[in-house]
Amino acid sequence: MIVNNIVRLGAKRLAKKQRKNVPAIIWVFGGVIGLGAAALLVAESQYKPLVSPGTKVGEASIGLLTDLEAESKVSAWWEGVATRKIPLESDTLTSKVSPASARDLGIEIDLQQTMAKLPREDFWAMGRRVVFGEVPSPRRFAPVVAYRNGGLASLRSQIAAALPKPSPAKVSWDGKAVRTVPESVSYEVDDQSLKQRLMDAVFTGDSVQVPLRSAKPRVSNEDLAKIKEVVASYTTNYSEGNVNRASNIRVAASKIDGVILMPGESFSFNGHLGRRTEENGFKLAGVYVSGRHDFDIGGGICQVSTTLYNAVLYANLKVKTRFNHSLPVAYVPLGRDATVSYPAPDFAFENSFSTPIALSAQAGRGSITFRILGTKDPSVKVEIVTGGRSSWGNPVRYIEDSSLPPGKQVVQEPGGAGHRISSYRVVMRDGQEVARESLGTSTYGGGPRVIRINRSKPKADANANAVATAKPAAKPAATPTTPVGNPEYDPASGRAPGNGAGL
């Protein structure tokens with residue numbers, strides 16, 4: 001410590017008013033040389049290297065300080081820097097982003113690594129400097145800092161919320177031709193540039209321009225131009241008299257109209273429409289549950305999924321998920337329906353083309369039409385064929401109901417016969433069959449005809465003094481039913497019903 005104190009005092013004298021070096025040298029080393037060579041070696045062994053003179057970390061001057069003293073001074077300087085707010089600016093963002101400090105951003109100093117890279121002056125280097133009167137050049141070092149604890153997450157969220165909302169590309173069918181509107185410019189943050197600018201601003205105190213760049217459009221203008229014609233279409237009819245059901249069909253169709261799928265992308269009916277609720281625009285209408293008629297929110301949208309399924313089939317797109325109903329539906333042939341219910345069963349397909357496609361849906365005046373828009377291969381034609389059809393009857397079930405007049409019976413559930421049929425998609429190219437794909441076997445379990453009946457005899461007629469007897473109705477043969485709409489899938493088949501499967 002004695003030697004270190006002599007060195008520090010000598011260094012101060014050397015710097016004072018640029019005084020000549022010799023007197024200071026004599027003053028510093030006179031006592032040391034007088035100790036003799038042995039004492040000089042002892043002094044060297046006791047000397048603790050100091051931070052080289054002229055050294056700064058940021059704005060903290062730490063030359064000729066011990067490591068402990070230097071750490072303390074650097075730490076005090078960093079405390080002031082780390083709490084200083086950095087303004088963030090941008091002419092593109094739609095709202096201001098709150099200023100953030102290094103501490104807010106999770107930028108922390110590593111004192112150990114910062115001190116490790118600083119130069120030290122040993123005993124002999126100190127001696128040479130003092131003896132020869134060297135005046136060291138100032139040296140500034142940046143502290144070692146790093147982002148920690150995910151501090152940028154909050155700032156990124158603010159910036160993302162302030163980014164201009166882009167308008168997606170739009171595709172529609174005007175009745176005669178495909179109409180397209182290009183996607184508007186969207187932006188994304190240049191994350192690496194943002195991190196570096198923030199790091200620099202921590203030390204300079206300057207504001208930061210948020211670095212933005214144009215994001216790659218989801219649908220480029222070149223891709224949009226490939227959606228130019230009707231690849232396939234399919235239409236089914238419904239009754240406008242069933243007001244709620246008709247409304248559900250129109251609402252579901254409007255939510256799908258204009259969807260664009262890039263090559264390889266999939267469409268999930270349930271994933272796109274979500275839960276069928278009144279808040280989502282759907283109403284109470286008829287559905288099928290386990291082979292019987294019922295009511296639920298969203299009744300009717302199975303006709304939407306079924307119509308879309310048939311358009312997908314004729315477009316020769318890849319079907320990923322499809323289930324049939326528990327009873328036949330009136331608006332498509334057997335084996336051509338696609339039931340949906342939230343969250344399952346679902347109808348899903350994939351754009352298996354090498355070009356993008358768009359879905360056009362139009363519903364109103366008693367019909368719904370889906371068109372698959374894209375680039376048509378005129379040499380390809382698709383046919384749907386069936387085979388292996390079988391049918392069977394279901395029993396009639398009577399339920400005694402004393403609330404009915406004696407001898408009276410009421411059909412509670414019309415039920416329906418069971419059916420099984422296999423479907424195939426045949427692809428023709430230039431008139432020649434090139435592929436025959438099984439679409440699976442559809443089994444419609446049907447359900448029993450349920451009749452409520454009061455078998456008790458009616459009271460005697462006082463005027464005729466006769467007793468009328470009620471004849472039980474003959475058990476009718478089970479016949480296929482014509483449902484009033486789009487039924488829900490039968491959970492007894494292992495496909496649990498859910499919200500929104502509708503007649």
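# Notebook: helix pairs, cores and unusual backbone

I began with a pair of helices and noted that the crossing of α7 and α8 is right-handed. The model I am reading is a predicted one, and I keep that in mind for every entry below.

**Entry 1: α7 and α8**

I looked up how this pair is placed, since two packed helices are described by the angle between their axes and the distance between the axes. Helix α7 covers residues 152-162 and helix α8 covers residues 191-204, and I found that they pack at an angle of about 120° with their axes 13 Å apart. Angles over 145 degrees would count as roughly antiparallel and those from 65 to 115 as roughly perpendicular, so α7 is oblique to α8.

Which residues of α7 meet α8? I listed Leu-152, Leu-155, Arg-156 and Ile-159 on the α7 side, and Asp-191, Leu-194, Lys-195 and Leu-198 on the α8 side. Sorted by class, this contact has five nonpolar and three charged residues, with no polar ones.

**Entry 2: α10 and α12**

I then turned to a second pair, α10 and α12, which pack at an angle of about 45° with their axes 8 Å apart. These two helices are therefore also described as oblique to each other, and their crossing is right-handed. From α10 the contact takes Arg-245, Asn-248, Ile-249, Ala-252, Ala-253 and Ile-256, while α12 brings Ile-301, Gln-303 and Val-304. By class I wrote down six nonpolar, two polar and one charged residues for the contact of α10 with α12.

**Entry 3: the whole chain and its cores**

Stepping back, I recorded that the chain has 12 helices and 30 strands, and that 43% of its 503 residues count as buried. Among the contacts with a separation of 6 or more, 74% join residues that are 24 or more positions apart.

In soluble globular proteins, nonpolar side chains tend to be buried together. I therefore looked for the nonpolar cores here, and the largest has 46 residues, of which Phe-267, Phe-269, Phe-347, Phe-349 and Ile-372 touch the most other members. Which elements each supply at least two residues of this core? I found the helices α10 (243-256), α11 (269-273) and α12 (301-315), together with the strands β16 (229-237), β23 (357-364), β24 (367-374) and β25 (380-392). The largest share, nine residues, comes from α12.

I followed Phe-347 further and set aside its neighbours within four places in sequence. Its remaining contacts include Phe-267 and Phe-269, as well as Ser-305, Leu-308, Tyr-309 and Val-312, and also Arg-322, Ala-338 and Val-340. There is also a second, separate core of 36 residues, and among its members are Ile-62, Leu-65, Ala-100 and Ile-109.

**Entry 4: Lys-73 in α4**

Ile-62 came up again when I looked at Lys-73, which is found in helix α4. Lys-73 and Ile-62 are 11 residues apart in sequence, and their C-alpha atoms are 7.2 Å apart in space. Leaving out neighbours within four places, I saw that Lys-73 is in contact with Ala-60, Ser-61, Ile-62 and Leu-65. Is Lys-73 buried, partly exposed or exposed? Its relative accessible area is 40%, so I entered Lys-73 as partly exposed.

**Entry 5: unusual backbone**

Most residues other than glycine have a negative phi, and most peptide bonds are trans. I looked for exceptions to both.

Leu-64 has a positive phi, near 60°, and lies in the loop between β3 (60-61) and α4 (67-82). At 15% relative accessibility, Leu-64 counts as buried. Arg-365 also has a positive phi, near 55°, and sits in the loop between β23 and β24, where I noted that Arg-365 is exposed with a relative accessible area of 85%.

Where is Pro-343 placed? I found Pro-343 in the loop between β21 (318-321) and β22 (348-350), and the peptide bond that leads to it from Tyr-342 is cis, with omega near 5°. Pro-345 is in the loop between β21 and β22, and the bond from Ala-344 to Pro-345 is cis, with omega near 5°.

**Entry 6: Gly-416**

My last entry is on Gly-416, in the loop between β27 (409-413) and β28 (418-429). Gly-416 is buried, with a relative accessible area of 3%. Pro-448 is 32 residues from Gly-416 along the chain, and I noted a separation of 6.5 Å between their C-alpha atoms.

Methods. Residues numbered from 1 in each chain as written. Predicted model: local features only at pLDDT ≥ 70, side-chain atom pairs only at ≥ 80, totals over all residues. Heavy atoms only, no water. Axes fitted to C-alpha atoms, helices over the stretch in contact; angles between N-to-C directions. Helix = DSSP H or I, 4+ residues; strand = E, 2+ residues; numbered from the N terminus. Parallel < 35°, antiparallel > 145°, perpendicular 65-115°, else oblique. Left-handed = near helix turned anticlockwise from the far one by under 90°. Contact = heavy atoms within 4.5 Å. Nonpolar A, V, L, I, M, F, W, Y, C, P; charged D, E, K, R; others polar. Core = buried A, V, L, I, M, F, W, Y, C linked by side-chain atoms within 4.5 Å. Buried < 20%, exposed > 50% of the residue type's maximum accessible area, 1.4 Å probe, protein only.
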